[in-house]
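User: I'm new to this one and would like a slow walk through it. Could you put it up on the screen first?

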Amino acid sequence: MLNRPVLLSLSALFLCSLPLVSTSALAETVDAVALFAKAKADGQVGLARKTKPVDARAAQPGEIVVTMIKGEGVETRSKPAEMGDFVVRNRCPDTGNEEYLVKATKFAPRYADAGKSPDSQGWKEYLPKGKDVYFWIVPAARSGFDFVAPWGEAMVAKSGDALVQSMDDEKDTYRVAASSFGCTYEVIKAP
């Protein structure tokens with residue numbers, strides 16, 4: 001097995017030394033899939049789809065993407081990228097145009113090439129394919145909680161955030177910050 005170096009910029013290296021954002025010192029850890037199932041049973045889940053164009057570039061094998069939400073800090077850290085993975089950047093100034101890693105197997109079903117040339121840094125425009133997802137907005141009365149994202153890293157959700165779940169795979173449940181959900185998703189059917 002080859003040893004591959006983990007690629008991190010100095011700022012990402014610094015960020016990796018910071019703890020994930022926590023909603024409180026005593027944040028509850030939950031099973032996000034079970035929580036989502038309860039929300040569905042209670043009629044609190046709607047349908048949405050990502051509609052806003054994104055920028056994406058090929059990830060470098062071994063690259064770790066630290067997702068930062070403006071005003072909140074570190075949302076999550078990816079596992080090291082593999083060949084074919086992409087770094088996706090949302091076009092949301094309110095969230096700081098956050099970046100996240102998308103696995104090669106999930107990128108093609110979710111995004112289509114917009115047919116534009118990449119910029120000097122390799123970023124190219126892609127359009128969401130408009131696949132519907134379930135969503136649940138964490139209620140204001142609920143305190144923040146931690147859960148394990150599908151890629152195995154800790155993720156924090158707080159009131160107002162959306163938990164999004166693939167219609168094809170209930171284990172593909174993850175947080176979308178409230179400001180990012182409002183910027184990049186269109187609600188198709190409210191809960």
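Analyst: Before we start, a word on terms: contact here means heavy atoms within 4.5 Å. Please also keep in mind that this is a predicted model.

User: Fine, so with that in mind, which residues is Tyr185 in contact with, leaving aside its neighbours within four places in sequence?

Analyst: With those neighbours left out, Tyr185 touches Ala48, Arg49, Lys50 and Thr51, and also Val133, Val164, Tyr174, Val176 and Ser180. Tyr185 is also among the residues with the most contacts inside the largest nonpolar core, which has 23 residues, and Trp136, Phe145, Phe147, Leu163, Val164 and Phe181 are listed alongside Tyr185.

User: Which helix or strands supply at least two residues of this core?

Analyst: Helix 2 (32-41) does, and so do strand 10 (132-137), strand 11 (145-148), strand 12 (154-157), strand 13 (162-166) and strand 14 (173-176). The largest share, 4 residues, comes from helix 2. Apart from this core lies another, of 9 residues, and among them are Ala56, Phe107, Tyr111 and Tyr126.

User: Stepping back, how many helices and strands are in the protein chain?

Analyst: The protein chain has 4 helices and 15 strands. Of its 191 residues, 41% are buried, and among contacts between residues at least 6 apart in sequence, 62% join residues at least 24 apart.

User: In what order do the strands of the open sheet come?

Analyst: The open sheet is formed by 5 strands in the order 7-6-3-9-8, with antiparallel pairing. Strand 7 (99-102) and strand 8 (111-113) are the edge strands, each pairing on one side only, and from one strand to the next the twist averages 40°.

User: How many bridges join strand 3 to strand 9?

Analyst: There are 3 bridges between strand 3 (residues 54-58) and strand 9, and the two run antiparallel. Val54, for example, has Tyr126 as its bridge partner in strand 9.

User: Tyr126 again! Switching to rings, how many aromatic pairs are there?

Analyst: The count comes to 8 aromatic pairs. In one of them, the ring centres of Phe86 and Tyr126 are 6.1 Å apart with the planes at 70°, so this pair is edge-to-face.

User: Why does that pair tie together parts that are 40 residues apart in sequence?

Analyst: Phe86 lies in strand 6 (residues 86-90) whereas Tyr126 lies in strand 9 (residues 124-128), so their pairing ties together parts that are 40 residues apart in sequence. Both Phe86 and Tyr126 are buried, and ring pairs link these two with Phe107 and Tyr111 into a cluster.

User: And what about Phe145 and Phe147, how is their aromatic pair arranged?

Analyst: That pair is tilted, with 6.1 Å from centre to centre and 45° between the planes. Phe145 and Phe147 are both buried.

User: Which residues lie over the face of Tyr134 and of Trp123?

Analyst: Lys40 lies over the face of Tyr134, at 4.1 Å from the ring centre, while Arg89 lies over the face of Trp123, at 4.0 Å from the ring centre.

User: One last thing, where does Asn97 lie?

Analyst: Asn97 lies in the loop between strand 6 and strand 7. Its phi is near 55°, which is a positive value in a residue other than glycine. Asn97 has 31% relative accessibility and therefore counts as partly exposed, a class that runs between the buried limit of 20% and the exposed limit of 50%.

Notes. Residues numbered from 1 in each chain as written. Predicted model: local features only at pLDDT ≥ 70, side-chain atom pairs only at ≥ 80, totals over all residues. Heavy atoms only, no water. Phe/Tyr/Trp six-rings, centres within 6.5 Å; stacked < 30°, edge-to-face > 60°. Buried < 20%, exposed > 50% of the residue type's maximum accessible area, 1.4 Å probe, protein only. Lys NZ or Arg CZ within 6 Å of the ring centre and 35° of its normal. Pairing = 2+ DSSP bridges. Axes fitted to C-alpha atoms, helices over the stretch in contact; angles between N-to-C directions. Core = buried A, V, L, I, M, F, W, Y, C linked by side-chain atoms within 4.5 Å.
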